[in-house]
Amino acid sequence: MIQSDTTEARALEDELLVVRCQLGEARAFDQLIQRWHGPIWEYAQRQAGRDDAARDIVQEVWLRVFRGIAGLRDGRKLRAWLFGIARHTWMDHLRVRYALPMDHETDPDQITADQTPEDLRYEIATMRCQLARLPPIEREVLSLFYLQELSLNEVSQVLEVPMGTVKSRLFRARQLLRRELESEGVNV
Amino acid sequence: MSNNFNPAPGLPDPLSMEALQSLAQEQLSLWSRLGYVGLLLLAAMATTVVAALWITEPDLPLRTQAAFLVMTAIGLSWMAFAWWVLGRRHVMLARHGVVAGRMAVIFTALFLIGAMVAVYISVNPAAFAALWTGIVMLVVAVGLLLRANRRFAQLTERREALERELGAKM
């Protein structure tokens, strides 16, 4: 109940910020930059792997945000929209599009239901160090879900794949992360 | 704000807060938008006058018709360019739309008055063509202003509702 209230308040704050930007309030854009520049930079740096490429991506992201925010119809989807732009910008820089096959043996609905709170806390704490070693697709989905705290639905919108695919990628990414940690002698 | 930014020595950091705020101001400038609105309106009026003369003047030599064709095409190209910039690069925010709408109504009203004077002074087809075009442009401008005002009011109402709702949750 408390978590859904927090999520609802966050969605309302996002929508208010978008409405103020769409009205043309200069201070709203300052707040938008202050609030989201850090997460977008982290995402770009994590995906690009290099500071110079990340700078180009982030600058292009903000250009697209300023030009496109007038057309954002649902302000509650601000974070999914922002990371969607970041992702598209990153993909444009890469100029490579690929997909991995889904894991059909695993029940996708059990993937995120099996986690305990202790599992989550441990994974977030060690995740930042290990993410750079993962392949781009797994790195991206972990970053969006755990570090940027997007919901499954929002991640699905950003990546433009079905929610089942998001769950499968999360499962695979966690498996890879666990293997990375176990190979270093860390008990997970 | 993150400390992950390392600007190259001697060069401004393109990702500092100040740089991004400056980029925002540049991208969201009212004056640059009004400039393109002015370009669109002037191109529309000039194209209207040229096209009206071309269509209504009888027995024009071929090279004169060619010149009118070229001038009309140039005018239409400027209109298309300004329209594209306003749709893709300098998209109108609500406040911008209201100011631009008022500007459009004033400009087109002045054009219409000029066309009415031209009709009064010399009753000729070109003047009538400019008059009717002026009426159409003024109607379109008034419609755009009404739509901009409506959008501004809707967003303002939504902002106030969200502020009340968030204030109640705190």
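Select chain A and colour it by secondary structure: in this predicted model, the chain has nine helices and zero strands, so that from the N terminus on you will read its elements as α-α-α-α-α-α-α-α-α. While chain A is still selected, consider how its residues are packed: of the 188 residues in chain A, buried ones make up 49%. If you then look at contacts within chain A between residues at least 6 apart in sequence, 67% of these join residues that are at least 24 apart.

Next, recolour chain A by pLDDT before going further. The mean for the chain is 80, and 76% of its residues reach 70 or more, but two stretches call for a separate selection. Over residues 96-104 of chain A pLDDT stays under 50, although the model has 15 contacts beyond four places in sequence for this stretch. Over residues 106-111 of chain A pLDDT likewise stays under 50, and here the model has nine contacts beyond four places in sequence.

Now bring chain B into view and select the residues on either side of the boundary. You should find 30 residues of chain A in contact with 34 residues of chain B. The size of an interface is often given as the accessible area lost when the parts come together. For chain A and chain B the buried area is about 3,000 Å², and carbon and sulfur atoms give 67% of it. On the chain A side, pick out Leu23(A), Arg55(A) and Arg67(A), the residues that lose the most area to chain B, together accounting for 24% of what that side buries.

Which residue of chain A forms a salt bridge with Arg158(B)? Show the side chains and go to Glu15(A), where the closest N and O atoms of this pair are 2.8 Å apart. Across the interface of chain A and chain B the rule finds two salt bridges, and it also finds seven residue pairs in polar contact, with both residues at pLDDT 80 or more.

To finish, select helix 1 (2-23), helix 2 (26-48) and helix 3 (51-68) of chain A, the elements that give two or more residues to the side of chain A that touches chain B. Helix 1 of chain A provides the largest share of that side, with eleven residues. Colouring the chain A residues that touch chain B by chemical class will divide them into 15 nonpolar, six polar and nine charged.

Methods: Residues are numbered from 1 along each chain as its sequence is written. Chains are lettered from A and ligands numbered from 1 in the order in which they are written. Side-chain values use heavy atoms; hydrogens and water are left out. Contact means heavy atoms within 4.5 Å. Buried area is the accessible area (1.4 Å probe) that two parts lose on being put together, summed over both. A salt bridge is a side-chain nitrogen of Lys or Arg within 4 Å of a carboxyl oxygen of Asp or Glu. A polar contact is a pair of N or O atoms within 3.5 Å; within protein, one must be able to donate a hydrogen and the other to accept it, and residues adjacent in sequence count only if both atoms are side-chain atoms. Helices (H or I, at least four residues) and strands (E, at least two) are DSSP runs, numbered from the N terminus. Ala, Val, Leu, Ile, Met, Phe, Trp, Tyr, Cys and Pro count as nonpolar, Asp, Glu, Lys and Arg as charged, and the others, Gly among them, as polar. pLDDT is the predictor's confidence in each residue, from 0 to 100. Buried means under 20% relative accessible area, exposed over 50%, partly exposed in between (1.4 Å probe, protein chains only).
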